[in-house]
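Reader: I would like a close look at the enclosed empty space in this model, and at the parts of the chain that surround it. Please take the cavities one by one and then follow the neighbouring elements outward.

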Amino acid sequence: MNRYGRAPWGDRFPASRVPSYSSHRKPLTTDAVIVGGGLTGAAAAYAFASAGINVVLLEADRIGRGATSLAAGWISDDPGVPFAEAENLLGLRAARGGFQAWRRAAVEFATLIRRLNIKCYLEPRTSLTIALTPEQHARLAKERKVRLEAGLAAPALGSRVVSNEVALSPSVALRGREGATLDPYRACVGLAEAAVKRGATFFEKSPVRRITFNRKIADVHTAGGKIRTRKVIIATGTPTMLFKSLRRHFWFRTTYLALTPLVHAKIRNQLGKRKTVVRDSADPYHVVSWLDDERLLVMGADIETPPDRQKAKILGPKIGQLMYELSVLYPEISGLQPEYGWSIDYAKTAEGLPYIGPHRNYPHHLFAFGDSSHSVTGSYLASRVLLRYFLDELDSSHKAFEFNRRWVSICWCSVRIPTISRSD
């Protein structure tokens with residue numbers, strides 16, 4: 001049976017164990033308010049509570065049931081943007097610091113999940129970024145060259161090694177060593193529970209109506225009353241209508257995901273070792289991974305986010321396109337129909353790296369917007385960067401994620417964007 005419009009993670013979680021939190025009903029005062037109860041919000045709540053900060057999290061619906069429940073669950077060790085583009089837009093030092101921070105976040109995120117003993121099917125996964133056409137080969141060879149020149153690791157593998165591992169024969173492949181996969185919904189629920197144990201307060205079904213502020217404090221207003229706070233952490237992934245003025249800094253995109261039913265053992269044995277996440281060098285790229293070592297999960301076919309009225313109509317053809325593109329990679333699965341097919345909206349920045357931190361027009365706010373990496377690493381990274389901003393303990397690696405970088409022409413589309421300030 002085809003289940004279109006929903007991801008598998010909710011179906012794999014027992015209904016009797018779904019956590020429930022009360023809605024916000026009375027005035028409060030706290031050190032920090034986090035808006036958004038997805039993986040980024042839950043990770044930030046855990047980080048803040050573990051640091052002894054009094055923190056309240058507000059979720060408009062249910063914890064982990066928004067974009068987090070649609071994520072692929074890949075902890076990637078790079079942000080999915082060509083380093084050459086990031087260096088061109090940010091400068092060598094900032095770009096290198098951003099990539100190094102991302103890799104550390106991948107390692108630390110997996111370590112935290114293990115330390116907290118969160119049952120979310122965490123599995124170590126190396127990754128391969130592969131080139132299958134001459135154009136992709138040239139692009140990937142250039143990427144390896146600039147990474148090595150910047151002092152970043154970029155181990156290359158030959159076709160024979162790659163073929164043995166993932167049953168593909170690219171002309172060149174770059175290895176990522178620090179990745180993993182997990183169930184993003186379970187990870188979010190586990191982090192929320194860990195945050196509450198450390199003193200965080202969570203409210204569900206509590207959408208924020210407005211946020212007001214003066215020179216000293218901010219007030220977050222819900223139907224249940226006002227919460228007075230020193231800092232408001234906006235962890236919604238994309239700017240909501242409360243921050244319409246910031247939406248012009250982003251390009252809104254949609255990616256599509258398809259999950260196959262169980263692949264027959266005879267076919268699975270022809271498709272490599274099933275322990276590696278594969279990302280090609282197409283534009284937009286595809287990401288292919290294994291779920292439970294039995295099902296293939298493919299992500300890609302990104303487009304500009306369609307109007308809401310067209311989303312359901314577009315979904316079926318886009319999932320069909322994904323399955324066809326997967327069968328081009330692996331002809332052995334031709335004819336296999338998807339068990340699940342869904343989409344996820346995201347915001348993309350000029351540099352391809354998320355914006356994490358303050359904006360000059362919002363003196364009491366910290367934001368985490370624009371993670372277009374197609375992985376969950378950015379959620380953990382944002383939680384750590386946001387905490388350091390709150391504690392005023394910044395380091396140079398945060399430069400890559402600031403709002404005050406300069407915008408220039410964008411390599412991933414043909415449009416020339418006028419140079420404007422990232423803090424406008």
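Author: The largest cavity in this predicted model has a volume of about 60 Å³, and the structure holds 2 cavities of 30 Å³ or more. Rolling a probe the size of a water molecule over the atoms shows where empty space is left. The largest cavity is lined by 13 residues, and those that lie nearest its centre are Val166, Thr276, Val278, Trp290 and Tyr330. By class, this lining is made up of 7 nonpolar, 2 polar and 4 charged residues. Helix 5 (159–166), strand 15 (276–280) and strand 16 each supply at least two residues of the lining, and strand 16 gives the most, with 3 residues.

The second largest cavity has a volume of about 40 Å³, and its lining consists of Ala72, Trp74, Val287, Ser289, Leu297, Val298 and Met299. These residues divide into 6 nonpolar, 1 polar and no charged. Strand 16 appears here again, since it and strand 17 each supply at least two residues of this lining, with strand 17 giving the most, namely 3 residues.

Strand 16 (287–291) and strand 17 (295–304) also lead to helix 8, as both are included in what covers the buried residues of that helix, along with strand 1 (3–4), strand 14 (251–259) and strand 18 (340–348). The residues of helix 8 that are buried are Leu315, Lys318, Ile319, Leu322, Met323, Leu326, Ser327 and Leu329. Helix 8 (residues 308–329) has 22 residues, and from its first C-alpha to its last it reaches 31 Å, close to the 32 Å expected at 1.5 Å a residue. Helix 8 nevertheless bends by about 40° at Ile314, with a proline, Pro317, following within four residues.

Helix 9 (residues 377–391) can be examined in the same terms: at 1.5 Å a residue its 15 residues should span 21 Å, and its end C-alpha atoms are 22 Å apart, which agrees. Because 12 of the 15 residues of helix 9 are buried, this helix is largely enclosed by the rest of the structure. The buried residues include Thr377, Gly378 and Ser379, as well as Tyr380, Leu381, Tyr389 and Phe390. Just after helix 9, Asp392 takes a positive phi of about 60°.

A further buried site involves Ile227, which lies in strand 13 (residues 225–237). With a relative accessible area of 0%, Ile227 falls under the 20% limit and therefore counts as buried. Leaving aside residues up to four places away in sequence, Ile227 touches His24, Leu28, Thr30, Val33, Val56, Leu58, Ala218, Asp219 and Val220. Glu304, by contrast, is 77 residues from Ile227 in sequence and 36 Å from it in space, C-alpha to C-alpha.

One of the residues that Ile227 touches is Asp219, found in strand 12 (residues 218–222). Asp219 is also buried, with a relative accessible area of 8%. With residues up to four places away in sequence again not counted, Asp219 touches Arg210, Ile211, Thr212, Lys226, Ile227 and Arg228. The C-alpha atoms of Asp219 and Leu28 are separated by 9.7 Å, although these residues are 191 residues apart along the chain.

Technical notes
Residues numbered from 1 in each chain as written. Predicted model: local features only at pLDDT ≥ 70, side-chain atom pairs only at ≥ 80, totals over all residues. Heavy atoms only, no water. Expected span 1.5 Å × (residues − 1). Bend = angle between axes of the 7 residues up to and from the residue. Buried < 20%, exposed > 50% of the residue type's maximum accessible area, 1.4 Å probe, protein only. Contact = heavy atoms within 4.5 Å. 1 Å grid on protein atoms, 1.4 Å probe; cavity = no way out; pocket = protein on both sides within 12 Å on 5 of 7 lines; lining within 4 Å. Points joined across faces, edges and corners; volume = space filled by probe spheres on them. Nonpolar A, V, L, I, M, F, W, Y, C, P; charged D, E, K, R; others polar.
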